[in-house]
Amino acid sequence: MSSGSSSLMWFRKGLRIHDNPALEYASKGSDFLYPVFVIDPHYMKPDADAFSPGSSKAGLNRIRFLLESLSDLDSNLKKLGSRLLVLKGEPSEVLNRCLKEWDVKRLCFEYDTEPYYQALDVKVKGYASAAGIEVFSPVSHTLFNPADIIRRNGGRPPLTYQSFVKLVGDPSWASSPLSITLSSLPPIGSFGRCEISEVPTVEELGYEETQQDEHSPFKGGESEALKKLRESIEKKEWVANFEKPKGDPSAFLTPATTVLSPYLKFGCLSSRYFYICLQDLYKNVKSHTSPPVSLAGQLLWRDFFYTVAFGTPNFDRMRGNKICKQIPWNDDDELLQAWREARTGFPWIDAIMIQLRKWGWMHHLARHSVACFLTRGDLFVHWEKGRDVFERLLIDSDWAINNGNWLWLSCSSFFYQYNRIYSPTSFGKKYDPNGDYIRHFLPVLKEMPKEYIYEPWTAPESIQKKAKCIIGRDYPKPVVAHDSASKECKRRMAEAYALNQKLTGLVSEEDLRNLRRKLEKDEKPEVKNKRQRKLIG
């Protein structure tokens, strides 16, 4: 037990030194500071039954990114005379033990809006206040405090981006300088009986290092995040003129975005610091784009989704979610698997899914293409199933944003123009007529002439032979005929929307079952036969 006053800084996200109010407060006036990260089996325990290497919640790319971020945090803490103390176990039990053992007077951690952490934090705060320990949990993962915005909006989250932006104005903290550096931290006291370890390797966590030809090119950590931010900000013209949703989804050698999303997800980069850097740059250029398309606009989109997610019960599912259209999605595991395993027979879609599996990242327009294809565009599979795949494989998978995007792209919420779809053949061609992106991620098609690379099933047999890729043998036939499948999806969406309108959103399980039966009965025989034939063939 340490004599003198001890603080415990509990890192979860917010894996950084710069703009970390919880860390700053923990170090003020403390004789000893214990910087702690808990390896939580809920997120980190290997799961042999999952469809890709990793835990039950996260693929190996994201786990590796997290471990790299922790190693970087540890080395940055060491420069300040401290280090990262890694413990393993259920976080509330581990923390309660440490708080007692180290006689902690002050517990600090960044506020988290995710349901898992909300429940965990209630437990930890309950123990701490019963023991007379001061708890400091500031909002610093987002630009605004979602609870404040909801309060200012009469107890409900604003449901459009425009109303959100109008309501929030400028962040209150932006008028005073952010604390970016710390000169030193208090020393660590004695460990007592708590078992402390170094940041583990992937293998020490029980994972096998996979042998694959290509790994995620993005390395975790605050140092890497600040370097990437500097490189982006140096491209003044590019930042000033940044316009989403433009950008090239097929650019993979130098991606057409900042690729700062994984660093924001883990809090290796403060969104507030990023925002300030952008505002400084905007002041020094003649003209610049504005929200919703500008880079600062992207940070506001992030806050928008965080706020809606925080204020919407059951945000991550269709049932019981007030803002989500009730739609009778297919329960077709074969189609889901074909999509997940890059076997749809549409090269643009399959190449994106391979990039997702290998890199744990793809351009936002590529994400839009595959999400639309799985749901309302072609396969009519439930958005929750696609969301689960993204949640596992993306290194930047973020609970609020991932669910928000799937609700949006499946036309379940936020966006309702279900007749506008991303074509799985012509959309990619617009950016990459030669199909270089497809050739890179699907080398089986690398010798296919560009006239056929987006629709290889249309290539004459002689050309398939010459390209050493016979469709149906070396690369699959399409799982659906796009034109008839998308027509059928639109018909189903129209019926589902009509039902939601008629019942003012109060659609029961039974109503959905009845609609599903009706839709299947009305389905044109050629669409039904084609789908059955494709899956058998």
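# A parallel sheet and a helix crossing

In this predicted model, Ser 6 has Phe 32 of strand β2 as its bridge partner. The pair belongs to the contact between β1 (residues 6-11) and β2 (residues 32-39), two strands that run parallel and are joined by six bridges.

Strands of a sheet pair through backbone hydrogen bonds, and the pairing may be parallel or antiparallel. Here, five strands make up an open sheet with parallel pairing, and their order is β3-β2-β1-β4-β5. Strands β3 (85-88) and β5 (134-136) are the edge strands, each of which pairs on one side only. From one strand to the next, the twist averages 30 degrees.

The following table sets out three of the pairings, each with one example of bridge partners.

| Strand pair | Bridges | Sense | Example of partners |
|---|---|---|---|
| β1 and β2 | six bridges | parallel | Ser 6 and Phe 32 |
| β1 and β4 | four bridges | parallel | Met 9 and Cys 108 |
| β4 and β5 | three bridges | parallel | Leu 107 and Val 135 |

Strand β4 therefore deserves attention: four of its five residues are buried, so β4 is largely enclosed by the rest of the structure. In the order of the sheet, β4 stands between β1 and β5. Its residue Cys 108 is the bridge partner of Met 9, while Leu 107 is partnered by Val 135 in β5.

Which helix lies across β1, β4 and β5? Helix α5 (residues 115-130) does so, and it runs at about 175 degrees to β1. Together, β4, α5 and β5 make a β-α-β unit, which is right-handed. Helix α5 thus appears in two descriptions: as the helix lying across three strands and as the helical part of this unit.

A further contact involves two helices, α12 (residues 295-311) and α17 (residues 399-409). How do their axes cross? They come within 8 Å and cross at roughly 90 degrees. Angles of 65 to 115 degrees count as roughly perpendicular, and α12 and α17 are therefore described in that way.

On the α12 side, the residues that meet α17 are Trp 301, Arg 302, Phe 305, Tyr 306 and Ala 309. On the α17 side, they are Trp 399, Ala 400, Ile 401, Gly 404, Asn 405 and Trp 408. Sorted by class, the residues of this contact comprise eight nonpolar, two polar and one charged.

Technical notes:
Residues numbered from 1 in each chain as written. Predicted model: local features only at pLDDT ≥ 70, side-chain atom pairs only at ≥ 80, totals over all residues. Heavy atoms only, no water. Pairing = 2+ DSSP bridges. Axes fitted to C-alpha atoms, helices over the stretch in contact; angles between N-to-C directions. Contact = heavy atoms within 4.5 Å. Buried < 20%, exposed > 50% of the residue type's maximum accessible area, 1.4 Å probe, protein only. Right-handed = clockwise from strand over helix to strand, strands pointing away. Parallel < 35°, antiparallel > 145°, perpendicular 65-115°, else oblique. Nonpolar A, V, L, I, M, F, W, Y, C, P; charged D, E, K, R; others polar.
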